[in-house]
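The following note is offered to a colleague who is examining the structure shown here. The points proceed from the chain as a whole to its pocket, and then to individual residues.

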Amino acid sequence: VWANPGAYVTVAAWGLAGLVMSLLSRRGTRRAATAGMAAATAALVVGYVVWGILEPEISPLDPAILGQAAGSLILMSLVIAAGPPVRGDVG
């Protein structure tokens, strides 16, 4: 797996998506979380498109990948709909 450049692109895309989601969601509001989810999704889409360009024999539109992406988006939407966790006093 690691001999393929697409694997590194995908790992970088997931790392970037996590960073973007964390940064944009740090306010703890549904709006911020939704913005973070949208930006993270965009980072993943770009990563998978680059993977498809680097390795044309592997399609980012594979049903398994699309299913995982759809499942992740549904899960994140449910978490956002539930609202942010109650934060305790810091300090």
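1. The protein chain has 91 residues, of which 26% are buried. The coordinates are those of a predicted model, and the remarks below should be read accordingly. The accessible surface of the chain amounts to about 6300 Å²; carbon and sulfur atoms contribute 71% of that area.

2. The secondary structure consists of 3 helices and 0 strands. Read from the N terminus, the order of elements is α-α-α. Among contacts in the chain with a separation of 6 or more, 58% are between residues 24 or more positions apart.

3. The largest pocket has a volume of about 440 Å³. Its lining draws two or more residues from each of α1, α2 (30-54) and α3 (63-82). Helix α3 supplies the largest share of this lining, with 7 residues. In total 19 residues line the largest pocket, and those nearest its centre are Thr41, Leu44, Val45, Tyr48 and Ala69.

4. Thr41 merits separate comment. This residue is located in helix α2 and is one of the residues nearest the centre of the largest pocket. Is Thr41 buried or exposed, or does it fall in between? Thr41 counts as partly exposed because its relative accessibility is 23%, whereas buried requires a value under 20%.

5. The surroundings of Thr41 can be described through residues distant in sequence. When neighbours within four places in sequence are set aside, Thr41 is in contact with Leu73 and Met76. The C-alpha atoms of Thr41 and Ala69 are 8.6 Å apart, with the two positions 28 residues apart in sequence numbering. Ala69, like Thr41, is among the residues nearest the centre of the largest pocket.

6. A further pair is formed by Ser77 and Thr34. Ser77 belongs to helix α3, and its C-alpha atom is separated by 7.9 Å from that of Thr34. The two residues are 43 residues apart along the chain. With a relative accessible area of 34%, Ser77 is partly exposed.

7. On the surface, Leu16, Leu19, Leu23 and Leu24 make a nonpolar patch of about 350 Å². One of these residues, Leu24, lies in helix α1, which covers residues 5-25. Which accessibility class applies to Leu24? Its relative accessibility is 38%, so Leu24 counts as partly exposed; the exposed class would require a value over 50%.

Terms used. Residues are numbered from 1 along each chain as its sequence is written. This is a predicted model: local features need pLDDT of at least 70, side-chain atom pairs count only at pLDDT 80 or more; totals for chains, interfaces and linings use all residues. Side-chain values use heavy atoms; hydrogens and water are left out. Patches are made of residues with over 30% relative accessible area and no salt bridge: like charges are joined within 9 Å, nonpolar side chains (Val, Leu, Ile, Met, Phe, Trp, Tyr) within 5 Å. Accessible areas come from the Shrake-Rupley method with a 1.4 Å probe; for residues, only the protein chains shown count as cover. A salt bridge is a side-chain nitrogen of Lys or Arg within 4 Å of a carboxyl oxygen of Asp or Glu. Helices (H or I, at least four residues) and strands (E, at least two) are DSSP runs, numbered from the N terminus. Buried means under 20% relative accessible area, exposed over 50%, partly exposed in between (1.4 Å probe, protein chains only). Contact means heavy atoms within 4.5 Å. On a 1 Å grid over the protein atoms alone, a cavity is a set of points where a 1.4 Å probe fits but cannot get out, and a pocket is an open set with protein on both sides within 12 Å along at least five of seven lines; lining residues have an atom within 4 Å of a point. Grid points are joined across faces, edges and corners, and a volume is the space filled by probe spheres set on the points.
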